[in-house]
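Please have the sequence and the 3D structure open side by side. The briefing below moves topic by topic through contacts, burial and pairing.

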Amino acid sequence: MQHKKIILASRSPRRVELLAQLGVQCEIAPADIDESALAGEDPALYVQRLAKAKALVIAATHAGRGLPILAADTTVALGQEILGKPADAAEAMAMLSRLSGSLHLVHTAVAVYQGGEVQCLLSTTQVEMMQVPGHVLQDYIASGEPMDKAGAYGIQGRAGAWIARIDGSYSGVMGLPLHETAQLLHAW
């Protein structure tokens, strides 16, 4: 992919780093939207709805610049339950305790707004997390690392040692699936 410039509707440093791997430079314009799930909303549909909404919110003020707008959203799902970013240490412990020893899904949707249209692709990865002792979870939470991450963990950080296997996209679990992102960016 040749060097391109986009507007990124996120303040995630991980997404900036992943875009740099694709040779994409970005301007940061975080989208402020209500990220509440709708009653009974499927986790995969939830992240797609949010990614599109973020792209459209930023497009309302930046579309005239002619740069593509990229937005993404990631969630961890235990069955149909959506595990977003924890509000506090207690919620992080509750999430991590439930994920410990589990197979769960990480859904990341990527949306690109260009020329008045939004295109969106979804990456879904199955993650197997080992059984993690409670004191290890407490130390992890005390580090502050899980507080800005869906499901209260980041595969690229200390919690990566707990991941026995994944079936899908490592970068998707980080928050921006490179394959799907490259597909969307090649479209323009």
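What follows is a short set of notes on strands, a helix, cores and selected residues.

This is a predicted model. The structure holds 1 aromatic pair. Its largest nonpolar core has 39 residues. Another core, of 19 residues, lies apart from it.

**Aromatic pair**

- Tyr140 and Trp162 make up the aromatic pair, with an edge-to-face geometry.
- The ring centres are 4.9 Å apart, and the planes meet at 70 degrees.
- The angle qualifies as edge-to-face because the cut-off for that class is over 60 degrees.
- Tyr140 sits in helix H4 (residues 134–142), while Trp162 sits in the loop between H4 and strand E7 (163–167), so the pair ties together parts that are 22 residues apart in sequence.
- Tyr140 and Trp162 are both buried.

**Helix H4**

- Leu137, Tyr140 and Ile141 are the buried residues to look at in H4.
- Viewed down the axis of H4, the buried residues fall within an arc of 95 degrees, so they line one face of the helix.
- That buried set packs against helix H3 (89–99).
- His135 and Ala142, on the other side of H4, are exposed.
- His135 has a relative accessible area of 52%, so it counts as exposed.
- His135 is also far along the chain from Gly64: the two are 71 residues apart in sequence, and their C-alpha atoms are 52 Å apart in space.
- Just after H4 comes Gly144, with a positive phi of about 85 degrees.

**Nonpolar cores**

- Which residues touch the most other members of the largest nonpolar core? They are Leu19, Leu70, Leu96, Tyr153 and Trp162.
- H3 gives this core its largest share, 5 residues.
- The separate core of 19 residues includes Ala29, Ala31, Ala51 and Cys120.
- Leu96 touches the three buried H4 residues Leu137, Tyr140 and Ile141.
- Leu96 also touches Gly151, Ala152, Tyr153 and Trp162. This contact list leaves out residues up to four places away in sequence.
- Trp162 thus appears twice: as a partner in the aromatic pair and among the core residues that touch the most other members.

**Strand pairing**

- Strand E1 (residues 4–8) is mostly covered, with 4 of its 5 residues buried.
- E1 and strand E2 (residues 24–28) run parallel and are joined by 5 bridges.
- Lys4 has Val24 in E2 as its bridge partner.
- Strand E5 (residues 103–114) pairs with strand E6 (residues 117–129) in the antiparallel sense, over 12 bridges.
- Ala111 stands opposite Cys120 in E6. Cys120 is also one of the members of the 19-residue core.
- How many residues lie between E5 and E6 in their hairpin? There are 2, and Gly115 in the turn has a positive phi of about 60 degrees.
- E6 also pairs with E7, in the antiparallel sense, over 4 bridges.
- On that E7 side, Val127 has Ile166 as its bridge partner.

**Thr74 in strand E3**

- Thr74 lies in strand E3 (residues 69–78).
- Is Thr74 buried or exposed? Its relative accessibility is 17%, so Thr74 counts as buried; the cut-off for burial is under 20%.
- The Thr74 side chain makes a polar contact of 3.4 Å with the side chain of Arg15.
- The side chains of Thr74 and Thr108 are joined by a polar contact of 2.9 Å.
- Beyond its neighbours up to four places away in sequence, Thr74 touches Arg15, Val47, Val106, His107, Thr108, Ala150, Gly172, Val173 and Gly175.

**Thr75 in strand E3**

- Thr75 is likewise found in E3.
- Thr75 has 1% relative accessibility, so it counts as buried.
- A polar atom of the Thr75 side chain lies 3.4 Å from the backbone oxygen of Leu83.
- Contacts of Thr75 include Pro43, Tyr46, Ile82, Leu83, Gly84 and Leu105, with neighbours within four places in sequence left aside.
- Val47, Val106, His107 and Ala150 are in contact with Thr75 and are also touched by Thr74.
- In a regular strand, side chains alternate between the two faces of the sheet.

How values were computed
Residues numbered from 1 in each chain as written. Predicted model: local features only at pLDDT ≥ 70, side-chain atom pairs only at ≥ 80, totals over all residues. Heavy atoms only, no water. Phe/Tyr/Trp six-rings, centres within 6.5 Å; stacked < 30°, edge-to-face > 60°. Buried < 20%, exposed > 50% of the residue type's maximum accessible area, 1.4 Å probe, protein only. Polar contact = N/O pair within 3.5 Å; in protein donor to acceptor, adjacent residues only side chain to side chain. Contact = heavy atoms within 4.5 Å. Arc of directions from axis to C-beta. Pairing = 2+ DSSP bridges. Core = buried A, V, L, I, M, F, W, Y, C linked by side-chain atoms within 4.5 Å.
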